[in-house]
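Trainee: May we go through this model together, term by term? I should like each label to be set against its definition.

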Amino acid sequence: MMPNNTATQQDLPEIVNREWWKEIIVYQLYPRSFKDSDGDGVGDLKGILSKLDYLKSLGIGAIWLNPIYASPNDDNGYDISDYYNIMKEFGTMDDFDALLKGLHDCGIRLIMDLVVNHTSDEHPWFVEARKSRDNPFRDYYHWWPAEKGNPPPRFSFFDPHGSGWTYDETTDSFYLHIFSKKQPDLNWECEAVRKEIYKMMHFWFDKGVDGFRLDAISYISKDHSYPVVNKKDLKEKYRGDWSYFYARGPHLHEYLKEMHRETFNHYDVVTIAEIPGIQKNEALLFVHADRKELHMMYHFEGMGIDRASKGFKSPNPDGYKLTDFKRVYTEWDHVFEREGWGTLYLGNHDQPRMLTRWGNDNPEFRSVSAKMLITFLLTMRATPIFYNGDELGMRNIRFDKIEDYRDVETIAMYNYIKNKKSSPKRFLQDMKLTARDNSRTPFQWNATPNAGFTTGKPWITINEDHVFVNQEAQEADENSVLNYFRKLTGLRQSELVLIYGHYTLYDDDHQQVYAYTRTLGKQGMLIILNFSKEPVTWHIPDPLMVKETPLINNETSLQFNHQANDLTLLPYQALIFELAP
Ligand code: TEU
């Protein structure tokens with residue numbers, strides 16, 4: 001769906017470099033949990049195909065589909081064992097072809113998730129590489145011969161001992177894995193690896209795929225001297241953050257330029273780079289159009305403002321400060337003021353549910369705060385990436401025991417905590433708020449026992465609140481979160497000012513209200529979001545004047561003294577006004 005606004009480039013000279021991928025809303029779909037068609041308890045491609053009408057009704061322009069390639073699922077598909085085949089639980093290549101055609105027929109593009117920093121240890125390349133030190137595939141991975149002693153320490157995000165090297169007896173060597181030991185890192189310094197990856201990318205582009213979300217792509221280059229990173233270095237040179245170290249390999253941009261030249265440059269496709277460890281002042285190195293590397297990226301800076309400084313994903317007991325939230329998203333808007341283009345998300349498969357984290361999932365505020373967050377995501381100057389289920393106001397499931405968890409990261413970190421003789425009890429309490437599993441529970445289609453997701457035993461527990469938070473119930477309710485989402489996607493798609501308009505923050509010190517304008521040519525809108533559960537009286541800052549009736553109100557009432565330019569905002573009230581000429 002492209003904006004149906006009749007404005008043209010001539011009318012709106014401020015719009016430069018118009019691109020389809022700047023004008024769409026991306027819907028991230030976690031296939032494992034979306035819809036199961038064959039009763040095995042795992043979502044699949046035929047299940048997604050059965051929901052095309054629903055997807056079309058959302059007003060989205062593209063789907064980011066989490067990995068569907070053959071995988072042993074150590075990390076739910078982020079451990080690929082065959083880039084050219086579909087995971088058996090998800091279906092067949094024919095099912096994929098049918099889904100791609102179905103999406104395209106609905107005017108929805110498909111962006112596949114692609115993991116090329118590492119493969120599964122069950123990928124034939126690794127199976128071969130570990131057979132002998134002179135195997136033709138040996139150099140596809142990173143090895144450290146044991147006779148050199150222990151390799152220089154590297155942290156692993158998913159290892160119960162935190163170690164990024166695992167000893168392999170057959171060749172008396174260690175191999176590198178930034179993630180789990182079943183996810184050995186590919187050696188991008190090996191030209192044969194790069195050629196294999198580019199060939200595979202052509203395979204999917206030639207099938208008609210519209211782009212890739214590139215997993216952990218900032219990590220692909222490694223310094224082959226494997227320098228020692230001691231505690232002092234880590235703290236002083238790398239901000240105490242292994243992601244920061246991993247994101248600084250010596251040839252990273254050389255490879256991304258080569259990737260662009262060899263693949264993306266030949267198609268009308270888009271890339272969304274996941275670039276952990278990268279800071280604001282480096283972002284344009286990846287997405288400035290002149291650099292011919294990648295198109296868009298997403299950052300993690302917003303995902304840290306509600307976390308404690310110590311512990312693994314420990315939430316800050318005081319939550320987050322709205323002023324921090326506003327600072328992060330305002331600063332990232334400024335990064336792309338002139339060049340490049342950003343994305344915006346508040347939740348995904350690596351994060352807890354946005355409603356629980358940034359809104360308020362108590363029944364009293366669930367709907368209104370979900371709508372307020374949707375308003376933010378769909379009115380900023382960045383391509384919104386919207387996570388499936390957030391359009392219903394799905395919330396964290398808050399598992400009580402480790403046996404309920406399925407995520408390699410959560411389970412590994414639980415064991416890491418136990419190995420460190422720390423408190424698993426405290427960890428489990430924290431995970432109720434921050435574990436990735438919270439956003440991976442099955443999509444809630446209706447109020448039946450398995451929420452209409454599967455007729456079998458679901459691979460992960462379904463949130464019991466599906467009896468009243470589900471798609472079927474919300475279809476019929478014109479004031480539901482779902483129908484509000486549709487209203488907002490329609491508004492964004494029809495108003496170029498919400499896509500390309502200049503962003504200006506107002507009242508940046510206010511701890512309850514996030515207010516900003518979007519202006520383009522003679523058009524302007526004022527977006528006012530009460531991020532708090534308290535009512536608040538707020539004066540529209542001079543010289544702003546707005547039309548009396550808002551375009552959007554997530555509440556059924558409005559207290560607006562138009563003459564005095566004063567509003568009394570209800571808890572989590574979201575308003576969009578047109579600026580008066
Ligand atoms: O995540 C990369 C990454 O940086 C993660 O370690 C992220 O910081 C962490 O999940 C936050 O808790 C990508 C994928 O998005 C993630 O799902 C995979 O597990 C990971 O890569 C390995 O492929």
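Mentor: The discussion below takes up the overall form, two sheets and the ligand site. This is a predicted model, in which local features need pLDDT of at least 70 and side-chain atom pairs count only at pLDDT 80 or more, while totals for chains, interfaces and linings use all residues. Residues are numbered from 1 along each chain as its sequence is written, and side-chain values use heavy atoms, with hydrogens and water left out.

Trainee: What makes the protein as compact as a globular protein of its length?

Mentor: The protein contains 17 helices and 21 strands, where helices (H or I, at least four residues) and strands (E, at least two) are DSSP runs numbered from the N terminus. Its radius of gyration is 24 Å, close to the 25 Å of the globule rule for 581 residues, so the protein is as compact as a globular protein of that length. The radius is taken over C-alpha atoms, and the rule is 2.2 Å times the number of residues to the power 0.38.

Trainee: Why are S17 and S19 called edge strands?

Mentor: The order in this open sheet of 3 strands is S17-S20-S19, with antiparallel pairing. S17 (536–539) and S19 (559–561) each have a single partner strand, so one side of each is left without a neighbour in the sheet.

Trainee: How do you know that S17 and S20 pair?

Mentor: Pairing requires that DSSP find at least two bridges between the strands. S17 and S20 (residues 566–569) have 4 bridges in the antiparallel sense, and thus meet the criterion. His539 stands opposite Asp566 in S20.

Trainee: Which strands does the other sheet contain, and in what order?

Mentor: This open sheet of 3 strands has the order S6-S8-S7, again with antiparallel pairing. S7 and S8 (residues 173–176) are joined by 4 bridges; within S8, Phe174 is the bridge partner of Tyr167.

Trainee: What makes the approach of Asp350 to the ligand a polar contact?

Mentor: A polar contact is a pair of N or O atoms within 3.5 Å. A polar side-chain atom of Asp350 lies 2.4 Å from a ligand oxygen atom, which satisfies that limit. For a side-chain N or O atom of His118 the distance to a ligand oxygen is 3.0 Å, and for one of Glu274 it is 3.1 Å.

Trainee: How much of the ligand does the protein cover?

Mentor: The protein covers 94% of the 500 Å² of accessible area that the ligand has on its own, by the Shrake-Rupley method with a 1.4 Å probe.

Terms used:
Polar contact = N/O pair within 3.5 Å; in protein donor to acceptor, adjacent residues only side chain to side chain.
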